[in-house]
Amino acid sequence: MIFEVFRQETEKDYHTHVGNVHAPDEEMARLFAQVAHARRKPANSLWVVPKPEIEEVDADDPGVAMGGTTQKEYRWATNYSTGRMAEEIEESEAEQAEAESTRRRRTEGRQQGGDD
């Protein structure tokens with residue numbers, strides 16, 4: 001019987017398919033999976049699953065709805081035009097810089113006038 005093996009490298013990682021083992025029963029499959037897929041590489045856990053038990057859901061199957069069926073384009077930054085906003089930001093920054101420059105000149109003028 002064929003068992004598919006999924007390995008999780010660290011506790012925070014997802015399990016990823018790393019291969020399969022041929023074994024007469026589940027106990028031997030777990031042992032073979034440990035030897036073949038966790039002995040040399042770091043592994044936090046293994047999923048050992050009989051291949052016939054794995055179900056596939058295909059996006060082309062009738063009645064199946066997978067990602068992209070709802071309108072969530074507002075989540076993508078590429079759908080927003082920032083040209084005008086960028087111009088407004090540049091204008092605002094230029095106004096702020098000019099106001100800061102004016103404030104500094106006035107402050108320096110007062111300090112020089114007060115020193116006399």
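**View 1. Glu 100 in the predicted model is partly exposed, with a relative accessible area of 29%.** Partly exposed here means lying between buried, which is under 20% relative accessible area, and exposed, which is over 50%, as judged with a 1.4 Å probe and the protein chains only. Because this is a predicted model, local features need pLDDT of at least 70 and side-chain atom pairs count only at pLDDT 80 or more, while totals for chains, interfaces and linings use all residues. Residues are numbered from 1 along each chain as its sequence is written, and side-chain values use heavy atoms, with hydrogens and water left out. The side chain of Glu 100 meets that of Arg 103 in a salt bridge of 2.4 Å, N to O, where a salt bridge is a side-chain nitrogen of Lys or Arg within 4 Å of a carboxyl oxygen of Asp or Glu. Arg 103 is likewise partly exposed, at 46% relative accessibility. Both residues lie in helix H2, three residues apart, about one turn of the helix. Through salt bridges that share partners, Glu 100, Arg 103 and Arg 104 become one network.

**View 2. Glu 4 and Lys 51 are joined by a salt bridge between their side chains, at 3.9 Å from N to O.** This pair links distant parts of the chain, 47 residues apart, with Glu 4 in strand S1 (residues 2-8) and Lys 51 in the loop between strand S3 (45-50) and helix H2 (83-115). Helices (H or I, at least four residues) and strands (E, at least two) are DSSP runs, numbered from the N terminus. Glu 4 counts as buried because its relative accessibility is 6%, whereas Lys 51 is partly exposed, with a relative accessible area of 44%. The structure holds four salt bridges.

**View 3. Arg 7 and Glu 9 form a salt bridge in which the closest N and O atoms are 3.7 Å apart.** Arg 7 counts as buried, at 10% relative accessibility, and its partner Glu 9 is partly exposed, with a relative accessible area of 41%.

**View 4. Asp 25, Glu 26, Glu 27, Glu 53 and Glu 55 gather in a patch of negative charge on the surface.** Patches are made of residues with over 30% relative accessible area and no salt bridge, like charges being joined within 9 Å and nonpolar side chains (Val, Leu, Ile, Met, Phe, Trp, Tyr) within 5 Å. Lys and Arg count as positive and Asp and Glu as negative, while His and the chain ends are not counted; the place of a charge is taken as NZ of Lys, CZ of Arg, CG of Asp or CD of Glu. Within this patch, Glu 26 belongs to helix H1 (residues 26-37) and is partly exposed, with a relative accessible area of 48%.

**View 5. Leu 31, Phe 32 and Val 35 make a nonpolar surface patch of about 240 Å².** Accessible areas come from the Shrake-Rupley method with a 1.4 Å probe, and for residues only the protein chains shown count as cover. Phe 32 is found in helix H1, and its relative accessible area of 33% makes it partly exposed.

**View 6. Glu 11 and Asn 44 are 33 residues apart in sequence but 6.0 Å apart in space, C-alpha to C-alpha.** Glu 11 has its place in the loop between S1 and strand S2 (16-22), and at 68% relative accessibility it counts as exposed.

**Context for the views. Read along the sequence, the protein follows the pattern β-β-α-β-α.** Its radius of gyration is 32 Å, well over the 13 Å that the globule rule gives for 116 residues, so the protein is more spread out than a compact globule. That radius is taken over C-alpha atoms, and the globule rule is 2.2 Å times the number of residues to the power 0.38. The C-alpha trace spans about 100 × 45 × 15 Å along its principal axes, and buried residues make up 12% of the 116 residues.
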